[in-house]
Amino acid sequence: MSAPLLALRGVRKAFGRRLLFEIERLAIEAGGAYVLVGPNGSGKTTLMRILAGLDRDAGGVMSVHDQDMSFGSYPEHLRRSIVYVHQHPYLFHTSLRHNLEYGLKCRGVPAAERARRVEEAIAWAGLAAQRATPPGKLSGGEKQRAALARARALEPELLLLDEPTSNLDRDGRAQTLALLAQLRDERRTVIVACHDQEIINLDGFARLRLEEGRIALQSG
Amino acid sequence: MDLLEPTSQAFRLLFSGDPELWRIIWLSLWVSLAAIALVAAPSIALGFLLAKKRFPGQRAAVVLVQALLSFPTVVIGLVIYLLLSRRGPLGSFELLFTPWAIMIGYMMIAFPILVVFTISAVQGADPRVYETARCLGADRLRASLTTLFEVRFGILAAVVNGFGRAISEVGCAIMVGGNIAGLTRNIPTAIALETTKGDFAQGIALGFVLMVVALGVNVLLALLQGQGGLK
């Protein structure tokens with residue numbers, strides 16, 4: 001049996017004396033789709049940020065492909081293989097195209113390949129009509145789709161999506177849900193932190209429940 | 001006092017291409033622009049670091065730079081004078097009473113403005129900017145430059161204000177430049193001199209140029225901000 005993409009052992013996060021969670025063991029399999037659920041304040045966003053390397057202040061061991069890593073000081077290749085999308089994603093105040101190719105430029109992807117992947121991302125997210133719209137003027141749902149497309153275009157090993165449907169209207173939610181289902185069908189490894197029952201009930205998403213400081217894999 | 005005659009004389013001087021007048025204008029412009037060009041990058045970088053990094057003494061460093069904002073420019077002129085004077089530590093460079101001395105003064109005057117404006121712009125930036133850039137794979141330098149680009153209008157305002165302060169400065173320029181005709185006489189020092197001599201025409205002409213420059217750079221900034229589509 002191959003090693004999981006990502007494994008956590010004894011990962012512990014506390015704020016002062018208050019223990020937020022302690023994860024004895026958790027394995028994320030490559031190609032798996034997961035929803036991370038739990039009550040408000042259970043630490044879903046904190047866990048996502050720890051996995052993304054944005055929160056260095058955690059104890060325990062995380063390994064990727066069986067290689068132990070220290071939190072927040074990932075080697076460059078690992079940092080670029082995990083992409084985190086904020087609950088309210090930020091789009092740079094430039095253009096949609098610049099946003100979509102930003103990470104590709106960071107990875108040194110040649111211009112022709114960048115152009116191809118940007119066009120593919122625009123088509124994937126259904127944003128062709130918004131191509132010339134300044135990012136600041138996109139609707140909440142369009143911003144979310146642009147952020148998902150921007151992350152997906154980087155073909156990361158692990159996608160971390162924090163509450164991707166929060167504050168979206170009905171149409172925005174429906175479109176985002178469709179994109180999440182596509183990510184699952186494309187066998188992308190994705191963890192979605194959410195409260196949204198429709199995401200939680202999506203077929204093919206394993207459920208990770210974080211509650212009272214413990215995490216449990218509930219269903220596959 | 002009759003203002004009409006010296007004002008019309010001022011415009012005649014300006015539009016007749018009076019060489020002495022235009023030499024003064026040109027000196028003011030190039031010395032101010034060169035000073036800003038030289039001091040902008042290090043000041044903006046320092047402002048970014050002071051806004052983003054936590055280190056011992058950071059607060060004290062911010063307070064010190066803020067205090068420099070209210071430093072009298074004649075004191076800055078005095079310090080540069082002492083440094084550049086023949087017996088000063090930098091006397092061997094023989095920069096005193098040259099445009100280079102004025103440029104150094106302008107750099108010191110613009111420095112705290114650029115740093116403080118940058119701190120304010122970067123601290124006002126959305127904290128997700130830097131994180132998003134990092135999450136998308138940017139290294140620290142690229143993420144920092146992206147953050148600065150996102151607050152580009154705040155940074156442009158810093159540069160415009162630094163330039164405005166430099167080109168209109170008089171105390172330091174007189175002390176270290178000496179107001180030498182044809183060499184270090186610039187717009188504000190010339191206005192001061194001509195006014196004391198009672199030659200209001202040249203003072204009015206130069207004052208008009210200063211106001212046009214100030215208005216011009218601010219209109220340019222407003223136009224750029226408008227094109228940016230930012231709130």
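Here is a walk through a predicted model with two chains, A and B.

Let's start with chain A. Counting its secondary structure gives 7 helices and 10 strands. How compact is chain A? Its radius of gyration is 17 Å, close to the 17 Å that the globule rule gives for 220 residues, so chain A is as compact as a globular protein of that length. If you lay the C-alpha trace of chain A along its principal axes, it spans about 50 × 40 × 35 Å. Of the 220 residues in this chain, 43% are buried. You can also ask how far along the sequence the contacts reach: taking contacts in chain A between residues at least 6 apart, 67% of them join residues at least 24 apart.

Now look at one sheet in chain A. Here 4 strands line up in the order S2-S1-S4-S5, forming an open sheet with antiparallel pairing. Which strands stand at the edges? They are S2 (18–28) and S5 (67–69) of chain A; each has a single partner strand, so one side of each is left without a neighbour in the sheet. Going from one strand to the next, the twist averages 25°. To see the pairing up close, find S1 (residues 6–15) and S4 (residues 59–64) of chain A, which run antiparallel to each other and are joined over 5 bridges. You can pick out one pair of residues there: Leu6(A) has Val64(A), in S4(A), as its bridge partner.

Chain B is built another way. Its secondary structure comes to 11 helices and 0 strands, so to speak a run of α after α when you read along the sequence. The C-alpha trace of chain B spans about 65 × 50 × 25 Å along its principal axes. Buried residues account for 41% of the 231 residues here. As for contacts in chain B between residues at least 6 apart in sequence, 76% join residues at least 24 apart.

Let's check one helix with a bit of arithmetic. Helix H1 of chain B covers residues 4–15, which is 12 residues; at 1.5 Å a residue they should span 16 Å, and the end C-alpha atoms are 17 Å apart, which agrees. After H1(B) comes Gly17(B), and the phi of this glycine is positive, near 75°. While you have a helix in view, here is a handy rule: an α-helix has 3.6 residues a turn, so residues three or four places apart point the same way.

Next, try zooming in on a single residue, Phe200(B), which sits in helix H11 (residues 200–228) of chain B. Is Phe200(B) buried or exposed? It has 20 other C-beta atoms within 10 Å, and because the cut-off for buried is 20 or more, Phe200(B) counts as buried. Leaving out residues up to four places away in sequence, Phe200(B) touches Pro6(B) and Thr195(B). Arg152(B) is another story: Phe200(B) and Arg152(B) are 48 residues apart in sequence, and their C-alpha atoms are 40 Å apart in space.

Finally, where do the chains meet? The contact takes 16 residues from chain A and 15 residues from chain B. On the chain A side, the elements that give two or more residues are strand S6 (82–85) and helix H3 (96–106). H3(A) provides the largest share, 3 residues. Sorted by type, the residues on this side of chain A divide into 10 nonpolar, 4 polar and 2 charged.

Conventions:
Residues are numbered from 1 along each chain as its sequence is written. Chains are lettered from A and ligands numbered from 1 in the order in which they are written. This is a predicted model: local features need pLDDT of at least 70, side-chain atom pairs count only at pLDDT 80 or more; totals for chains, interfaces and linings use all residues. Two residues are in contact if their C-beta atoms, placed from the backbone, lie within 7 Å. Ala, Val, Leu, Ile, Met, Phe, Trp, Tyr, Cys and Pro count as nonpolar, Asp, Glu, Lys and Arg as charged, and the others, Gly among them, as polar. The expected span of a helix is 1.5 Å times one less than its number of residues. Two strands pair if DSSP finds at least two bridges between them. Axes are lines fitted to C-alpha atoms, for helices over the stretch in contact, and angles run from 0 to 180 degrees between N-to-C directions. The radius of gyration is taken over C-alpha atoms; the globule rule is 2.2 Å times the number of residues to the power 0.38. A residue is buried if 20 or more other C-beta atoms lie within 10 Å of its own, exposed if 12 or fewer, and partly exposed in between; C-beta atoms are placed from the backbone.
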